[in-house]
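Trainee: I am new to this structure and would like a close look at a single part of it. Please take one strand and follow it outward into its surroundings.

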Amino acid sequence: MEAAVAPGRDVPAPAASQPSGCGKHNSPERKVYMDYNATTPLEPEVIQAMTEAMWEAWGNPSSLYPAGRKAKDIINAARESLAKMIGGKPQDIIFTSGGTESNNLVIHSVVKHFHANQTSKGHAGEHHSPVEGAKPHFITSLVEHDSIRLPLEHLAEEQVAAVTFVPVSKVSGQAEVDDILAAVRPTTRLVTIMLANNETGVVMPVPEISQRIKALNQERVATGLPPILMHTDAAQALGKQRVDVEDLGVDFLTIVGHKFYGPRIGALYVRGLGEFTPLYPMLFGGGQERNFRPGTENTPMIAGLGKAAELVIQNCEAYEAHMRDIRDYLEERLEAEFGQKRIHLNSQFPGTQRLPNTCNFSIRGPRLQGHEVLAQCRVLLASVGAACHSDHGDQRSPEGHGVSRLRCQISHLQDAAEILG
């Protein structure tokens with residue numbers, strides 16, 4: 001969970017400051033927000049950066065007059081901040097409208113690259129690939145965000161691609177490395193596994209998967225097969241734990257600003273963009289973002305995203321420690337209030353790393369439907385599952401491994417434990 005005062009609240013304290021309480025108990029407007037994995041409020045410094053960009057950098061970033069040059073400088077600075085936040089290079093960052101576009105762009109590019117390779121081999125009269133004429137194959141998990149799952153399902157229905165959905169382990173909550181490797185085919189072109197699950201908080205073994213894929217790629221190249229690319233949707237992990245693309249070993253990484261106190265805009269990291277890792281545009285226009293994502297850049301939103309990345313760089317360790325302390329205290333109080341027989345902490349898998357901010361629990365009892373419980377809460381704003389499934393009541397969502405339950409995420413801004421105090 002994350003707790004903060006809901007919209008209409010007083011402006012929260014700056015990210016680097018010591019977290020404060022949620023307000024006085026007798027305030028009629030007091031709300032405790034605990035759905036930060038769905039979206040986060042904007043940091044005051046992010047709002048300031050966006051406002052300044054609106055005033056001072058209103059020009060077209062492709063223009064040479066002062067307001068245009070100012071906009072271009074802001075965009076370049078934001079690109080550098082995002083790259084530093086994930087341990088990558090600025091030239092490997094492409095700005096997008098958000099995580100959905102970034103994820104679709106990766107999938108779309110892999111399909112295009114597969115067919116481009118097949119066509120070029122046929123025209124060149126080279127030795128026929130063992131997979132020529134086949135469909136590209138994707139491997140993902142059953143608990144991915146809809147912006148991964150639905151495009152892949154659509155491609156499979158249209159017979160454009162083949163997809164293997166790997167289940168997560170009931171023991172670890174993770175997509176198992178051996179299961180992913182066992183699903184590999186000669187036509188496999190992409191493995192896409194989220195870095196951390198938005199409902200359980202479970203951190204997936206992305207580094208190990210990448211290492212195994214890298215070793216497998218050496219064998220594939222020796223037999224004439226192209227390498228398998230690796231993508232991770234890091235939306236939920238950024239701002240809650242250290243994220244480094246070198247440690248992860250991925251070719252693509254999705255960034256979503258509104259998950260770490262930035263605006264609703266995103267970015268995509270592509271290792272060796274256009275040189276080592278292919279990317280094909282879905283849009284065509286004025287050539288912005290080196291033609292990979294054309295369209296006049298949204299300077300204020302990019303400015304806000306860059307500032308949010310700066311704050312993560314400066315404060316991530318403090319954020320992580322605080323959120324973990326609050327989450328652990330919250331879970332202790334839940335067990336003390338309800339007893340271990342009446343409550344189950346769904347996010348706790350022995351030996352499995354999880355995000356420091358996420359608490360997922362079930363309260364056992366007759367007629368205890370999550371949405372009905374929350375409907376009776378005058379202060380608590382939480383969720384029974386992923387926000388994109390919130391209009392389905394207690395219907396089980398794929399991200400939550402098929403369990404209807406209460407999910408809360410703890411913020412570094414406000415002290416969630418107050419509601420149980």
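Mentor: What follows starts at strand E3 and moves out through the sheet to a helix and the core.

The model is a predicted one. The protein has 9 helices and 12 strands, and buried residues account for 55% of its 421 residues. Of the contacts between residues at least 6 apart in sequence, 72% join residues at least 24 apart.

Strand E3 covers residues 137-141. Is this strand buried or exposed? Since 5 of its 5 residues are buried, E3 is largely enclosed by the rest of the structure. The cover is on both faces. One side carries His-137, Ile-139 and Ser-141, the other carries Phe-138 and Thr-140, and all of these are buried.

Next come the partners of E3. Strand E4, residues 162-166, pairs with E3 in the parallel sense over 5 bridges, and in this pairing Ile-139 stands opposite Thr-164. To get from E3 to E4 the chain passes through helix H4, residues 146-157, in a right-handed β-α-β crossover. Strand E5, residues 188-192, also pairs with E3 in the parallel sense, over 4 bridges. Here Ile-139 stands opposite Val-191.

These strands belong to an open sheet of 7 strands, in the order E2-E8-E7-E6-E5-E3-E4, with mixed pairing. Its edge strands are E4 and E2 (93-96), each of which pairs on one side only. On average, neighbouring strands of the sheet are turned by 20 degrees against each other, with direction ignored. An antiparallel pair is found elsewhere in the sheet: strand E7 (residues 252-256) and strand E8 (residues 266-270) are joined by 5 bridges. In that pair, Phe-252 of E7 stands opposite Val-270 of E8.

Helix H2 packs on the sheet, where it touches E2, E7 and E8, and its direction makes about 115 degrees with that of E2. H2, residues 66-86, also crosses H8, their axes coming within 8 Å at roughly 35 degrees. The crossing is left-handed. Among the H2 residues that meet H8 are Ile-75, Leu-82 and Met-85, and the H8 residues they face as a group include Ala-309, Val-312 and Ile-313.

The nonpolar core links several of these elements. In soluble globular proteins, nonpolar side chains tend to be buried together. Here the largest nonpolar core has 56 residues. Leu-82, Met-85, Ile-86, Ile-180, Val-191, Leu-253 and Ile-255 have the most contacts inside it. Helix H8, residues 299-338, supplies the largest share, 10 residues. Val-191, which stands opposite Ile-139 of E3, is thus a residue of the sheet that also appears in the list of most-connected core members. Which residues does Met-85 contact, leaving aside its neighbours within four places in sequence? They are Leu-238, Val-243, Ile-255, Phe-260, Ala-309, Val-312 and Ile-313. A second core, separate from this one, has 20 residues, including Val-110, Leu-190, Val-270 and Leu-273.

One residue further along H8 is worth adding. Glu-331 lies in this helix and is buried, with a relative accessible area of 4%. Not counting residues up to four places away in sequence, Glu-331 touches Leu-345, Gln-348, Arg-354, Thr-358 and Cys-359. Between Glu-331 and Asn-360 there are 9.4 Å in space, C-alpha to C-alpha, and the two are 29 residues apart in sequence.

Notes: Residues numbered from 1 in each chain as written. Predicted model: local features only at pLDDT ≥ 70, side-chain atom pairs only at ≥ 80, totals over all residues. Heavy atoms only, no water. Core = buried A, V, L, I, M, F, W, Y, C linked by side-chain atoms within 4.5 Å. Buried < 20%, exposed > 50% of the residue type's maximum accessible area, 1.4 Å probe, protein only. Helix = DSSP H or I, 4+ residues; strand = E, 2+ residues; numbered from the N terminus. Contact = heavy atoms within 4.5 Å. Pairing = 2+ DSSP bridges. Right-handed = clockwise from strand over helix to strand, strands pointing away. Axes fitted to C-alpha atoms, helices over the stretch in contact; angles between N-to-C directions. Left-handed = near helix turned anticlockwise from the far one by under 90°.
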